[in-house]
Structures are given as structure tokens and as C-alpha cells.
Amino acid sequence: MRRPTTCREVVELLSDYLDGALPPSEAAHVRGHLEGCTGCETALAQLRETIARTGTVNEDAIDADQRASLLAVFRAHIASG
Amino acid sequence: VEPSGPSDDLELIARLRAGDADAYMNLVDRLTPAMRRVARMYVRTDAVADEVVQDAWVGVLEGIDRFEGRSSLRTWIFRILVNIAKKRGAREGRSVAFASLAGDDLDRPSWDPSSFLGPEDAWAGHWSSLPFDWRGVPEDRVESRELLALIRATLDALPPMQAEVLRLRDVAGWSSEEIRNALDLTDTNERVLLHRARNRVRAAIDGYYRTVSEA
């Protein structure tokens, strides 16, 4: 695997890096780069904070009519034994 | 916290098999909004998407006795949904190109190229101007309703598959493996979609933080 050598390449790997989805040798290489690079460390902090903020978005609520019809589906299933 | 996560599966499955309405409605409440969005990717109208969701729940109730637990329960439910949605979409004569769901920008750089030194520079590809340090942003902006609204708006503007991967991963806390199985994505596609979507949200937040920090 080609090693990421520039900041421009490293930032494209940070999402996978945070998720532990990089192959170990590539992850080690990114870690080494981050230790010596303030810019990429700041970029990583931005991404980490983005994930944390995204996690506070709670938008999923079921539509009441749909909920009622899905409960009816359940009752029909039970009734049909 | 998602009560439909893998660790709770055994209990939920047992309760579903026993005909427990609360267990079923708990799952319905948690999963239906996302199921509706996913169904809508493949069919033409919201009304048809709702029928697909309903058919999927019928499939879940009819199939739960045969569920072998090779995936998480919610992954299995989404696979039922996606299969029904794709068939229904095909029957409608709607063929959905992957690029129209995933976005056509997946291979573009996720950071503004002008942030980096150009090929003429000895340090080509390194930062030309350092990224903005968010630690200096006032706390009331970080916790603001404005920021939440911005993140929601950014999610809504993403190509639907990017948005859904991001929602399942970073809002609902699914694993990447669950997501790619649920949405029928390759490992690589799931990772690229997530990377892309996260960076779109990051760029939106960055723009907002820069603006409020200048004020």
C-alpha cells in the first residue's frame, strides 16, 4: 500500500483512521504524521468534533398515522395466528 | 442509545416471537423513520415508500421465527426492506443509478485544495494555511440551536445515501459492518460515503464557526 506522505493525502484518511478502519501499517503511518503536524492534528480535532456534534442531532420521530397502521399490521398478524 | 443494538437482540427476538406488542412497537418507533427514507431512495413517491415499509414489517413478523441471527436484528430488518424497495422500484420501471443516490463527488478531495501548497512548491501537498482551530469558538455557539439547525440542513442537502450512512453511523451509532449489510453497500463504498458526508458537515460547521468567531 502506498504510504500517505502529504497533509493533502492524510486528511482523506482521517475518517477511516478515527473508526479504526485503516490497515495497521497505514494507521501507524498516519499516527506518525499527526505527531509532527499541527495542521493535520487540528483537522483531526475538527472531524472528531463534527462526529460528536452530529451525534446530538435527534430528528427521528415516527409519523403518528404510520405508527397506527404498523400497529394494525401487528394485530392482524397475531389474529391470523 | 439504540435499544435495537446487537446486545439486546436475543431478548427482542424472543419477545417478538412471543408476540409481544411492546417489543414490536419499540422497534417500529426506532427504525421506521430511517426505513422510510431508505425506501424512498428506490421508489417514486412517499406513499409507495410507506407501503414498502409496511410490507417490510409484515415480512419481519412472518420471518422472525426463521431469523438465524447471522446479522444484527436491525440489519436483517433493513435487508428485508431494501429487497422489497428494490423490487418495487423495478416494477415501477424506476432504475436508480448508484451515483444518483451516492453523489457524483465521491472521488473529489474532501478539503478545499487551496488549503494546500501547489505542485510548484517544494512542500507541495502540505498546508498552505492551517485549518481553523475550533477550540477558540465560544461555548454558546458550539451548543447552539443554530448549529444543530445547520447540521440538519447539511444532512438534508446531502445525496441520500451519504446522508443515511452518516445518520446510521454517527447519529444512531450503528457499526460500519451493520450499515453496509443493511444498505447493500460494499465496504469501500460505505467508508467513502461516510468520509464524504462527515467532511461536508465538517466544512459547514467550519464555515459557521469562522463567521461567528470573526463577529
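Start by selecting Arg198(B) and Asp19(A): in this predicted model the two form a salt bridge, and their closest N and O atoms sit 3.2 Å apart. That pair is one stop on the boundary between the chains, where the rule finds 6 salt bridges across the interface of chain A and chain B.

Now widen the selection to the whole interface. Chain A puts 40 residues into the contact, and chain B puts in 56. If you switch on a surface, the area buried between chain A and chain B is about 4200 Å², with carbon and sulfur atoms giving 61% of it.

Next, hide chain A and colour chain B by secondary structure. You'll get 10 helices and 0 strands, so to speak a run of α-α-α-α-α-α-α-α-α-α when you read from the N terminus on. Zoom out to fit the C-alpha trace of chain B, which spans about 65 × 40 × 30 Å along its principal axes.

Time for some helix packing. Select residues 21-42 of chain B, which is helix α2, and add α3(B): the two pack at an angle of about 135°, with axes 9 Å apart. An angle like that makes α2(B) and α3(B) oblique to each other, and their crossing is right-handed. To see who does the touching, show side chains. On the α2(B) side, pick Tyr24(B), Leu27(B), Val28(B), Leu31(B), Thr32(B), Met35(B), Arg36(B), Ala39(B) and Arg40(B). Facing them from α3(B) are Asp46(B), Ala49(B), Asp50(B), Val52(B), Val53(B), Ala56(B), Trp57(B) and Leu61(B). Colour this contact of α2(B) with α3(B) by class and you'll count 12 nonpolar, 1 polar and 4 charged residues.

Keep α3(B) on screen (residues 46-63) and bring in α4(B), residues 73-91 of chain B. Here the axes come within 9 Å and cross at roughly 135°. So α3(B) and α4(B) are oblique to each other, and the crossing of this pair is right-handed. The α3(B) residues in the contact include Val48(B), Glu51(B), Asp55(B), Gly59(B), Val60(B) and Gly63(B). From α4(B), select Trp76(B), Ile77(B), Ile80(B), Leu81(B), Ile84(B), Ala85(B) and Arg88(B). By class, the residues of the α3(B) and α4(B) contact split into 12 nonpolar, 2 polar and 3 charged.

One last selection before you close the viewer: Val52(B), Val53(B), Ala56(B) and Trp57(B). These α3(B) residues are listed in the contact with α2(B), and they turn up in the contact with α4(B) as well.

Terms used:
Residues numbered from 1 in each chain as written. Chains lettered and ligands numbered in written order. Predicted model: local features only at pLDDT ≥ 70, side-chain atom pairs only at ≥ 80, totals over all residues. Heavy atoms only, no water. Axes fitted to C-alpha atoms, helices over the stretch in contact; angles between N-to-C directions. Helix = DSSP H or I, 4+ residues; strand = E, 2+ residues; numbered from the N terminus. Parallel < 35°, antiparallel > 145°, perpendicular 65-115°, else oblique. Left-handed = near helix turned anticlockwise from the far one by under 90°. Contact = heavy atoms within 4.5 Å. Nonpolar A, V, L, I, M, F, W, Y, C, P; charged D, E, K, R; others polar. Buried area = accessible area lost by both parts, 1.4 Å probe. Salt bridge = Lys/Arg side-chain N within 4 Å of Asp/Glu carboxyl O.
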